[in-house]
Amino acid sequence: MFIFDSVKKQKVKFEPIVPNEVRIYLCGPTVYDNAHLGHARSSITFDLLFRILKTNGYKVTFVRNFTDIDDKIVKKSKEVNKSVEEIATTYTKSYLEDMESLGVQRATLEPKATQNLESMFKMIQKLLDKGSAYKAPNGDIYMRVSKDSKYGTLSNRANLESQISRIGESEYKEDVKDFALWKIFENDVNYPSPFGRGRPGWHIECSAMIDEHLAYKDKEYSIDIHAGGVDLFFPHHENEASQSRCVNNKELAKYWIHNGFVNVNGEKMSKSLGNSFFIKDALKVYDGEVLRYYLLSMHYRAPLNFSHNDLMQSKKRLDRLYRLKKRLGSDFESKNLKIDSSFRESFLLALSDDINISIALSILDSMLSSYNDLLDKNPKDKEIKEMASSNILFINDLLGIGLKDATSYFHIGVSEKLKDYINSKIQERDLAKKAKDYILSDKIRDELKSKGISLLDTKDGVLWEYEPED
Ligand SMILES: [Zn+2]
């Protein structure tokens, strides 16, 4: 496997610390609001990586945390007059629902900051003992960045100082680059600690959860892969790396992988989504699987300009997969009976090359075309049908798409009321055909067509599909 390491800034051969095992950490959401399309893209990207690694035979431990202590959560709780716990619980649940709609698998472990305070205390104490951190006169504890000669080498930010956020700046900091590990809050939401009542800094949460749940203690690096959105590279990941380096005397991760931004600014977009960035709003307009396919169809490092037209184009490619599944009908085998190894190998090889999704999807397109051709020529060949089924099952596992029943896939976006109407029209047309009133039966077909509904006469009766307008 090859992946692009954002620290080395090049594609490198992936060699895990321990053969056949992979340990990955992905910075999860801060649960103070509904998740947005940026979270969706990050989760889907690393869900795909998780699946690729597993398909390549690795035993993968995947940790994605929940940041449930944060200034933003406290701020929200005050705004809506609810407890911090209530806010965190509500948006953790909301996040998991969204991820389920997008076909994102649960991580191996999903630790919460509130449940890992002890490991943060241990880490902060070690940093204090080493002189890598200091207690300010007001009791806050800061990382002493000057003690870490490698600070800045991860993200390679040239003008580090100018990029430091001025928010939450303290007069007690020795240096502008220093960042908070623990902040004292006497009369605000706080947690007891050996350093006084307060709240941890965001960066220490991740470092501590990695040490507690994922890290190798006796290897050159703590974990294989640290993942996240490119917006987290600096300062979040730089700071995580620095803390862990100073505590453990080694680098945090062997590889760092970052996914690109999502921009929402298209014209059509504002009509359908009102420029909302929330996954929940997108799911009101688009099916979760269609959204997943669209978000993963663009290379993970490229910025993605969310566009309705691009999404509808990518849906057409997904339709082709479902059309083959539909064509197989009751001959679709839900067990792997006949493996098409050349398709599998080439598809997995493309994905194993820094997730080269465009090559992988073009291999998928050719597979669909060639199996349609084979079925045209040999409509009853059992072996071809078994191989086509096994290819679809392979795609189900690896991309997390194509799992729906094919008939219901083509009914997505149709209200129950419209379904009743379509069914009554189909019955009307049947009667007309029986009475040999072909003018009426054609009229009914055309009327449905004008609503985006096409009818298919099959051996199993009349089926219909809905094709949304672009
Ligand atoms: Zn993190």
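This short talk walks through two sheets in the structure above.

Hi everyone! Before we start, please keep in mind that this is a predicted model.

Let's begin with the antiparallel sheet. Which strands form it, and in what order? Going across, we meet E5, E6, E7 and E8, four strands in an open sheet with antiparallel pairing. On the edges sit strand E5, residues 133–135, and strand E8, residues 198–200, and each of them pairs on one side only. From one strand to the next, the twist averages 15 degrees.

Now zoom in on E5 and its partner E6, which covers residues 141–143. These two strands are joined in the antiparallel sense by three bridges. If you want a spot to find on screen, look for Tyr134, which stands opposite Tyr142 in E6.

On to the other sheet. This open sheet also has four strands, ordered E4-E3-E9-E10, and here the pairing is parallel. Why do E4 and E10 each have a side without a neighbour in the sheet? Strand E4 (59–64) and strand E10 (251–259) are at the edges with a single partner strand each, so one side of each has no neighbour there. The twist in this sheet averages 25 degrees from one strand to the next.

In the middle of that order, strand E3, residues 21–26, runs parallel to strand E9, residues 221–229, and three bridges join them. Here you can look for Leu26, standing opposite Ala227 in E9.

And what packs on this sheet? That is helix H7, residues 233–248, which touches E9 and E10. The direction of H7 makes about 170 degrees with that of E10.

Thanks for listening!

Definitions and conventions. Residues are numbered from 1 along each chain as its sequence is written. This is a predicted model: local features need pLDDT of at least 70, side-chain atom pairs count only at pLDDT 80 or more; totals for chains, interfaces and linings use all residues. Two strands pair if DSSP finds at least two bridges between them. Axes are lines fitted to C-alpha atoms, for helices over the stretch in contact, and angles run from 0 to 180 degrees between N-to-C directions. Two residues are in contact if their C-beta atoms, placed from the backbone, lie within 7 Å.
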